[in-house]
Amino acid sequence: MTDTILDPVTSDGGRVGGADAPAAVRMNMIQAINSALDVVMDRDPDVIVMGEDVGYFGGVFRATAGLQTKYGKTRVFDTPITEIGIVGVAIGMGAYGLRPVPEIQFADYIYPALDQLVSEAARLRYRSAGEFTSPITVRSPYGGGIFGGQTHSQSPEGIFTHVSGIKTVIPSTPYDAKGLLIAAIEDNDPVLFLEPKRIYNGPFDGHWDRPAKNWSAHGGGEVPTGYYRVELGKAQVVRAGEALTILCYGTMVHVVSGVVAEAGVDAEIIDLRTLVPLDIETIEASVKKTGRCMIVHEATRTSGFGAELSALVQERCFYHLEAPVERVTGFDTPYPHSLEWAYFPGPVRIGEALKKIMKD
Amino acid sequence: MASEPVRANMPPLSLHVPEPKFRPGDPVDFADVDVPPAGSARRPDTAEPAGRFTELAYTLVRVLDEEGGAVGPWDPKLSPDRLREMLRAMALTRAFDERMFRAQRQGKTSFYMKSTGEEAVSVAAAFAMDRDDMCFPSYRQQGILISRGYPLVEMMNQIYSNSGDKLGGKQLPIMYSAKDHGFFSISGNLATQYPQAVGWAMASAVKGDSRIAATWCGEGSTAEGDFHSACTFASVYRAPVVMNVVNNQWAISSFSGFAGAEATTFAARAVGYGIAGLRVDGNDALAVYAATQWAAERARTNQGPTLIEHFTYRAEGHSTSDDPSAYRSAGEPNAWPLGDPIRRLRDHLIALGEWDEERHERQDKELAAHVRDCQKEAEKNGILGHGLHQPLDSLFDGVFEDMPWHLREQRQMMLDEEEASGRPWARK
Ligand SMILES: Cc1ncc(C[n+]2csc(CCOP(=O)(O)OP(=O)(O)O)c2C)c(N)n1
Ligand SMILES: [Mg+2]
């Protein structure tokens, strides 16, 4: 058996701070998220954290550990198990003027909340001519690779990027997770903040049969203890290169980086970080430079976010393309349990696609 | 930024956030859990309209008293043989849980969930229903499958996602599906089974069938919209369905107060929907049996649905991923005022002179050995993570009845990929 992250991440709370604290320390992604919540709650009394098991217990992945003790039960509280209730109540609190950060325990459980997200949070500003807004940030762990079966593994970002009025953010390192989460909470529009739970504890290169790594050796594991923002809508070039552009986000940033290093290809790897609004300039400039574009995501293929990316690249960079845009994705099946690694778009699938796009 | 409170001369509002009585380290005293005497609840005729016995939603239907006697109008008066069968099924459920929990800890599978302390809720209900009534369970009603004689080896095959797994390794462990045992496919998404059970029951009524449906969810799950939609449909169409709420006091780390228990009972939800509501001692197998039998009788005679709250206690962690010592007092399970369901039924049989401690111990040993034998058998089909137990391309089976072109293409891509990879799956 490989490790299962269904077992809650054991974290020492990870909350550091105070006047004499060091400026930056090593954090895993859970600790970085916890620190982001701590920092914004400390600065802004209107920030509220709520969700199933987030209060006393501190969340099944421990992301909210210690917050209730520090900020009290009326700012950090457990909720009834009703996702549509959680999001609807958050919208109402937002309408009052608070800045709620609801947690949906697993992204697989966000579907009961769809109506409040799609018909309400996403459209409140538009339909009330800005009278009411929805400054909520819905946090939720997503993605597979933990033997979580069909209901602890999904990547539903494409459902939400299809909805006008919701921003969708996905970090790939502890550093980005904290900076992006702070920026998301401070944003006046609703943000879906999807946390790649496979890399909560460490970067994952897709080799499930090799020992797991933690964040201690990765640059993105160095996280300032205080306040900083990573602006929404800005991608990050993780590796500069000339041969092709690879667009990815979340866990796949690390899987792609591993494949590129092993293959020795001079790829430009772009971590999108925010899917909506998308940093189209960075993408366009890169593809025009390299002439090739590959898109990698774990979510299912049909109508996945890769389809949107592919269309955009084709619309904007058509005359620069030397090969068809290549998509590497999860298959169009539910997430299986035992055949998880056959499903997962891992190093082999990405490597094959890399050969194909470089051959054309 | 929220504005400063206006109307400064008015008393300030304050938010109530529920808090359980005990946290880790606290001494536990359940003195304020109201336990009415066994036999004190009235048993209405099954033809009585729901509105005439709403008091049953606020008491506890109890049959087994503290001396091991069976008392009052709800005593189902089962034969000693039947009682022993029920005791055996409950003890087997517990033995199975112990073994599979340990298998997960040994790394043989990814996940497991026990039903320790709640065995009566599923076992006695299964005994009280007809074999072909349809069950829509949550993940904690393995006792139904065991009561209906579903082979333990099949359950284990599913838990191991091995080559014998009838679900082809597609589902998380314990998310069984057993149509031929009247057991609907378990979903990981809470409460979804509730309206589905109502729909199945409505269909049975549409077709003039005589089979009824039953469903289960935890008290925490009653907060989901699906629960309330189910109650509305069941009420409107008088669906022949038994709706069970297993109030085991906890939903992972959240106590029942976060589902509304500070304000009223879960059985009281029935009152608002105008359906029959019973609140039952869930650790009393005879009470569970009697309540289920009564509700089934109502359903079968077109009196409509019954909502039964089973008042019980989750004696162990939520799942293998959970450590309850982080959020509740370790003293709770032992202090639970309604005792242990297996011990209570055992004591009843002993009081009847139909059982003794020595037989009980012998049975426990037999059951443990039986489970161990089944486990050996199941492990011949493999355990999770060691080798490829299903054909790789089975990944694509069952998405649709007929496979569309894009899945066929993806299947080929996967097979090519496996070839290119030097077949790590085959080697593992
Ligand atoms: C829609 C949905 N939301 C959240 C979860 C995560 N979750 C799994 S079990 C559980 C607690 C359920 O508690 P309860 O209904 O009381 O049942 P119990 O586990 O006590 O039997 C939660 C929150 C889920 N599985 N599905
Ligand atoms: Mg419960």
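The following exchange takes up how two chains meet and how a ligand sits between them.

Reader: What kind of model is this, and how are its parts numbered?

Author: This is a predicted model, in which local features need pLDDT of at least 70 and side-chain atom pairs count only at pLDDT 80 or more, while totals for chains, interfaces and linings use all residues. Residues are numbered from 1 along each chain as its sequence is written, chains are lettered from A and ligands numbered from 1 in the order in which they are written, and side-chain values use heavy atoms, with hydrogens and water left out.

Reader: Why is the pair B:Glu19 and A:Lys73 called a salt bridge?

Author: The term requires a side-chain nitrogen of Lys or Arg within 4 Å of a carboxyl oxygen of Asp or Glu; the closest N and O atoms of B:Glu19 and A:Lys73 are 3.4 Å apart, so the pair qualifies. Across the interface of chain B and chain A, two salt bridges are found.

Reader: What makes the site of ligand 1 a shared one?

Author: The site is shared because residues from chains A and B surround ligand 1, where being near means having a heavy atom within 4 Å. Of the 20 residues around the ligand, those that come nearest include A:Glu83 and B:Tyr139.

Reader: How do you know that B:Arg140 is in polar contact with ligand 1?

Author: A polar contact is a pair of N or O atoms within 3.5 Å (within protein, one must be able to donate a hydrogen and the other to accept it, and residues adjacent in sequence count only if both atoms are side-chain atoms). An oxygen atom of ligand 1 is 2.7 Å from an N or O atom in the side chain of B:Arg140, and the pair therefore meets the cut-off.
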